[in-house]
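Have the viewer open and your selection tool ready? We will go from stop to stop, picking residues and looking at what surrounds them.

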Amino acid sequence: MRLILEPDLFQDDWPQVPVARVYGRLIRVNGLLLEAVGCQLGMGDRCQIEGRNGRLIEAEVVGFYKDVLCLMPIEPTQGLMPGARVLPITAEQTIAIGNGLLGRVLDGLGQPLDSLGELTDVSLVQQSHTSYNPLLRQPIRQPLDVGIRAINSLLPIGRGQRLGLFAGSGVGKSVLLGMMTRFTEADVVVVGLIGERGREVREFIEETLGEEGRKRAVIIAAPADTTPLMRLRAMRLSHAIACAFRDQGKQVLLLVDSLTRYAQAQREIALSLGEPPATKGYPPSAFAQLPRLVEMAGNGEHPTGTLTAFYTVLAEGDDQQDPVADAARAILDGHIVLSRKLAEQGHFPAIDINASVSRLAMQVASSSSIEQSQIFRHILSRYNEVRDLLPLGGYQAGQDPEMDLAVRVYPEMAKFLRQTTQSKINLAESLTQLEQLMGVMGYESASV
C-alpha cells in the first residue's frame, strides 16, 4: 500500500517556520560605547540592540578589539540590559531625495521632525561615500550674490565656493547665516543645525527663514542633546541632500552651524574608543574627517549645478588659532572673521575685513572692483594703526596725508560696512556704492 500525498494537501495548515537570524549579545556599556560579541559586522555597519519592552536602539560599528565590536548608539540607551540581543541590519542605508523635502525639517536619520506627515514626492537612493575626481569638477566662474554689501564688494564669492564664518560665541554668526539664507540667490537652501541649542531650530524656521524662505529650504536638525553619532549622521545627511540637488542641475546653498560641533562629536567617539588626544584634546581622527566632509561640497560634474557651502566655526575664547579653526582655514576656500570688538560697538555684521579673505576673488570679480577693494583694505588698515591713539589725543594731523585721509573717511567706511538684518543689497548695488565711496576717498582707478 502506497501513501500518495497531494502537493496542496494540508498546505494551509503547515506552520510557518521563521528563517534563522544570527544575533550577538551586549556584554558591556562603557560610557558612550557599547561592546558586543557574536556578530559578523564590519566598520560602519548598522545593528539594532533589543532593550526593555522590545524597544530597538540603532547603533553603528565604530571599532573593534579582537572579537569584541565597539558600537555607538544613535539614540539614548535607557532600558539596555546585560546580554541584550544585537541584531545586524542587512539592508543598505538609503536617504530620501526629491522636491518633497522642500519645506521639511528632518533629523539625522532623515525622519520628519515637523507635524507635516510622512515624506511624499521623494525617492530612496543609496547613500554614497565615494570621493570625487577633482579633474571632473566644474570650475568656479560665476559670482554669488549673498545680499550683504561688505561681502559682495570686498569679499566676492563664487558659486561652488566653500567658506567659513569664524567667531567666538555671541558675535553674530547665526544672524549672519540667517541673512545669507534669506538674501542669497539659490534654487535650494539646505540648512544643517548641528550640535547647537535646541531652541534655535524653531527660531531659525519661523523668524530667520519665514514662510517664503522655508518653501525652498530643507532643514536637518541634530541639537546638542542628541548623541554624537546622530550629529555625525545629520552632518553627512545635509551634505548628501545638497549634493543630490546639485547633481540635478540646481543652484544649491548649504549652510552648516557648526563645523566645530561636528569635530567635537567626532572627538567624543574617538576618545571613547581610546584614541589618544593630540591637539588641545582633539585626537587625530577628528581632523582627518574634516577634509572628507568638506570635499563633498563644491561643484560636481553637472555643467549647471553648483553647491556653495558656508560653515560656521566657533573660535573658543576668540582664539583664531583654535585647532578646529586652524584646520578649517587650511581646507576651505576662504574665511570671514567676525570681531567681538566690532560687535561690542554695535557694528553689525561684525565682519573684520582685514582678517577675512576670499581665495577665489580674482576669478569671480572684475579687475576694477578688486583694485577698489584693495584700496579700501589699505585705508582701513591705516586707520586701525592709529585708532587707539585718537581718544588720547596722541595723533597729530598733517604729518601723513594718507593717515589723515583714513581718519577723515573712516565714518563713511564704517557706514558702508554696516547693514541691518532686514535690508538686502544686491551685487550690482554693492559695487556701485563701493565705487561711490572710492570717489569720496579721492581714488578713481589708481593703485595704492
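A residue counts as buried when its relative accessible area is under 20%. With that cut-off in hand, select Phe310: its relative accessibility is 0%, so Phe310 is buried. Please keep in mind throughout that this is a predicted model.

**Stop 1: Phe310 and its surroundings**

Phe310 belongs to strand E16, which covers residues 306–314. Now show what lies around it. Beyond residues up to four places away in sequence, Phe310 touches Leu144, Val146, Ile157, Leu163, Leu177, Met180, Leu253, Leu254, Leu255 and Val256. For a sense of scale, pick Ile89 as well: the C-alpha atoms of Phe310 and Ile89 are 34 Å apart in space, and the two residues are 221 apart in sequence.

**Stop 2: the nonpolar cores**

In soluble globular proteins, nonpolar side chains tend to be buried together. Here, the largest nonpolar core has 57 residues, and the members that touch the most others are Ile151, Phe310, Ile336, Phe376, Ile379 and Met441. Which helix gives the most to this core? Colour helix H11, residues 401–417, which supplies eight residues.

Next, select Ile379. Leaving out neighbours within four places in sequence, Ile379 is in contact with Glu402, Leu405, Ala406, Val409, Met413, Met441 and Tyr443. Apart from this core lies another, of 54 residues; to find it, select Ile74, Leu119, Val190 and Val218, which are among its members.

**Stop 3: aromatic pairs**

The structure holds three aromatic pairs, and we will visit two of them. Begin with Phe376 and Phe416: their ring centres are 5.8 Å apart and their planes meet at 50 degrees, so this pair is tilted. Phe376 sits in helix H10 (residues 367–386) and Phe416 in helix H11, so the pair links parts of the chain that are 40 residues apart. Phe376 is buried, at 0% relative accessibility, and Phe416 is buried too, at 6%.

Now move to Tyr383 and Tyr410. Is this pair stacked or edge-to-face? The pair is stacked, with 3.8 Å from centre to centre and 10 degrees between the planes. Tyr383 lies in helix H10 and Tyr410 in helix H11, so the pair ties together parts that are 27 residues apart in sequence. Tyr383 has a relative accessible area of 10% and is buried; Tyr410, with 14%, is buried as well.

**Stop 4: charges over rings**

Select Arg267 and Tyr282 together. The charged end of Arg267 sits over the ring of Tyr282, 4.3 Å from the ring centre. Then try Arg329 and Phe166: here the charged end of Arg329 sits over the ring of Phe166, at 5.3 Å from its centre.

**Stop 5: salt bridges**

How many salt bridges are there? The count comes to 21. Start with Arg233 and Glu60, whose closest N and O atoms are 3.1 Å apart in a salt bridge. Because Arg233 lies in helix H4 (residues 228–247) and Glu60 in strand E4 (residues 56–65), the pair ties together parts that are 173 residues apart in sequence. Both partners turn out to be buried: Arg233 has a relative accessible area of 5%, and Glu60 has 10%. Add Arg46 and Glu58 to the selection, and you will see a network of salt bridges linking Arg46, Glu58, Glu60 and Arg233.

Go on to Arg214 and Asp114, a salt bridge with its closest N and O atoms 3.8 Å apart. Arg214 is in helix H3 and Asp114 in the loop between strand E8 (105–106) and strand E9 (123–126), so this pair joins parts that are 100 residues apart in sequence. Arg214 is partly exposed, at 22% relative accessibility.

For the next salt bridge, select Asp247 and Arg246, where the closest N and O atoms are 3.2 Å apart. Asp247 is partly exposed, at 40% relative accessibility, whereas Arg246 is buried, at 1%.

**Last stop: colour by confidence**

Finally, colour the chain by pLDDT. The protein chain averages 88, and 93% of the residues score at least 70. Among its elements, helix H1 (residues 149–154) has the highest mean pLDDT, 96, and helix H3 (residues 199–214) the lowest, 82.

How values were computed
Residues are numbered from 1 along each chain as its sequence is written. This is a predicted model: local features need pLDDT of at least 70, side-chain atom pairs count only at pLDDT 80 or more; totals for chains, interfaces and linings use all residues. Side-chain values use heavy atoms; hydrogens and water are left out. A nonpolar core is a set of buried Ala, Val, Leu, Ile, Met, Phe, Trp, Tyr and Cys residues joined through side-chain atoms within 4.5 Å. Buried means under 20% relative accessible area, exposed over 50%, partly exposed in between (1.4 Å probe, protein chains only). Helices (H or I, at least four residues) and strands (E, at least two) are DSSP runs, numbered from the N terminus. Contact means heavy atoms within 4.5 Å. Rings of Phe, Tyr and Trp (its six-membered ring) pair if their centres lie within 6.5 Å; planes under 30 degrees apart count as stacked, over 60 as edge-to-face and the rest as tilted. A charge sits over a ring if NZ of Lys or CZ of Arg is within 6 Å of the ring centre and within 35 degrees of the ring normal. pLDDT is the predictor's confidence in each residue, from 0 to 100. A salt bridge is a side-chain nitrogen of Lys or Arg within 4 Å of a carboxyl oxygen of Asp or Glu.
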